[in-house]
Amino acid sequence: MKVLVVLGHPRRDSLCGALAASYAEGARAAGLTVQRLDLADLTFDLSVRTPSPRDQVLEPDLRRAQALVHWADHLVFVYPAWWGTLPALLKGFLDRVLAPGFAFELDEGTPGTWRKLLAGRSAELLVTMDTPAWVYRWIYRQPGHQAMRRATLAFCGVAPTFAATFGPVAGSTPLARQRWLAAARGAAVRLPVRLRRSRWRGRAVAWLRILRLQFYPMTWVAYTVGALEAWRRSGAFSLRIYGLGYLCVFLAEVLTVLGNEWFDRDTDRLNRNAGPFNGGSRVLVDGGLGPGSVRRVMAGLALLLASALSVLAWALPGPARPEVLVVVALAVLALGYTVPPLRLVYRGFGELDVALTHSFAVILCGALLQSGAWWDSRAWLLGVPLFFATLAAITLSAIPDHDADKAVSKRTLAVLLGPRGAARAAMGFIAAAAASGVAWHWSGLYAGPGGYAAFLALLHGAVLLRAVRGYLRRGAPCARIDGILALALTFLLWFGLIPLARLL
């Protein structure tokens, strides 16, 4: 590994200079190749005086600095936090060296996108300060660290970036400074191990992001409602069948999520309005995971799902049971949202598919596996408000994606009706969900004191309708609507949790 240590302090005979020397010593002791760059020794103009940094001629020292940055695998910046951020010397250096064409390249054809030309490198910040570390972190929120780690280095593709704070320097004892120097040396010695751990953590976080686990609990609730409703009607309940059935449903949902990520890469690349509830996880687009890894996991999950379905068919009583076919049909419908050959969302049926698979279909799976009864009116009726609430949420979630989806011929309701038309359609679905929930309470489906929560759902729906009306008054732009989506997703929870509470 090649390490470049950049001393950003204007004085070499400073604590920062000693920390830089100590880190370089530790890196060499670990068998790493080290180069050091003291900015105080360089001659260059700190200011960008042309419309773009790429238009300003680089001084010889900066050309050498760029060559060293390009050479390095790991960049170490040692500097004091002055006024919470960087010294002018280091800031000017970054302004000049990390120029477009060297550190990043904007995509002129797609505004807002860029290529990270320094990807594959990691970095480390060794920062001295007089502010207590806890004040800098919790009160000031680490402005210098955030600027370097996220707005500068990560923008150019450098990740991960470690950060160590040394201070307060004012009034520090010689013993404290010796400990800081030893810590800098130790960090360099352990650098290969720390990078391996960081990469493993990064991959684990990437897998958690791409799986989008925040959307799974509602499927479990709907499946459990179906199973418990069948138990109340028949008096029989098999925990083994319940577990095997949900394992199949869960694996089908994981495959669906990964399939959506895989086949929606084109629209995700174009999407400038991606948020926590729309636009995918962006893990594949941003390079958090390689396509090969995701493809292999999808193949393994498909085999695991086939095995789980086989075990479920064997565990069900009697001869070969058609109930397994219902689970298979649910998996096919769910996967068919984006996966060829169905690709229902590209044919105008995407919202309907999501609403069906997350309401009637999964409730029916839970009920059918327990009772074997195909027609249980209560199980079907319980799915009505959940169907409309899910339809509203998925319709709204496509509004921020409108421009990107339209560019790849994805036929969501937002594309077919426009953002304004989709918002109005969602308002109708919200009203239908709330009305059917209250109707089910009066009919006895939501019996008991907990059933009165349907009126709280009605209030929630009114708040959501007001938020959507506000969006329409703003002109229905193709933009992020995270607040509305959070309201829509929590709105649909009522229609799973109310019957679940009654059945428990």
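**Exercise 1. Identify the residue of S6 that stands opposite Val78, and establish how S6 pairs with its neighbours.**

Solution. Val78 stands opposite Leu126 of strand S6. The model under examination is a predicted one. Taking the neighbour that holds Val78 to begin with, S3 (74-80) pairs with S6 in the parallel sense, over seven bridges. The next step concerns S7. Strands S6 and S7 also run parallel, joined by six bridges. Within this pairing, Ala123 has Thr161 of S7 as its bridge partner.

**Exercise 2. Determine whether the two faces of S6 are covered or open.**

Solution. Strand S6 spans residues 122-128, and seven of its seven residues are buried. The cut-off for this label is a relative accessible area under 20%. Separating the faces, one side carries Ser122, Glu124, Leu126 and Thr128, while the other carries Ala123, Leu125 and Val127. Every residue on either side is buried, so both faces are covered by the criterion of under 20% relative accessible area.

**Exercise 3. Describe the crossing of H1 and H6 and the residues that form the contact.**

Solution. Begin with the geometry: the axes of H1 (residues 15-29) and H6 (residues 174-189) approach within 7 Å and cross at roughly 35°. The handedness of this crossing is right-handed. Next, list the participants. H1 contributes Leu15, Ala18, Leu19, Ser22, Tyr23, Glu25, Gly26, Ala27 and Ala29. From H6 come Arg177, Trp180, Leu181, Ala184, Arg185, Ala187, Ala188 and Val189. Sorted by class, the contact comprises twelve nonpolar, two polar and three charged residues.

**Exercise 4. Locate the cis peptide bonds that precede Pro160 and Pro168.**

Solution. Most peptide bonds are trans. The bond joining Ala159 and Pro160, however, is cis, with omega about 0°. Pro160 lies in the loop between helix H5 (143-153) and strand S7 (161-166). A cis bond also runs from Gly167 to Pro168, where omega is near -5°. Pro168 is placed in the loop between S7 and H6.

**Exercise 5. State where Trp83 and Arg141, which have positive phi, are found, and whether each is buried or exposed.**

Solution. Most residues other than glycine have a negative phi. For Trp83, phi is near 50°; this residue sits in the loop between strand S3 and helix H3 (88-97). Its relative accessible area is 90%, so Trp83 is exposed. For Arg141, phi is about 65°, and the residue occupies the loop between helix H4 (133-139) and H5. With a relative accessible area of 57%, Arg141 is likewise exposed, the threshold being over 50%.

Notes
Residues are numbered from 1 along each chain as its sequence is written. This is a predicted model: local features need pLDDT of at least 70, side-chain atom pairs count only at pLDDT 80 or more; totals for chains, interfaces and linings use all residues. Side-chain values use heavy atoms; hydrogens and water are left out. Axes are lines fitted to C-alpha atoms, for helices over the stretch in contact, and angles run from 0 to 180 degrees between N-to-C directions. Helices (H or I, at least four residues) and strands (E, at least two) are DSSP runs, numbered from the N terminus. A crossing is left-handed if the near helix is turned anticlockwise from the far one by less than a right angle, and right-handed if clockwise. Contact means heavy atoms within 4.5 Å. Ala, Val, Leu, Ile, Met, Phe, Trp, Tyr, Cys and Pro count as nonpolar, Asp, Glu, Lys and Arg as charged, and the others, Gly among them, as polar. Buried means under 20% relative accessible area, exposed over 50%, partly exposed in between (1.4 Å probe, protein chains only). Two strands pair if DSSP finds at least two bridges between them.
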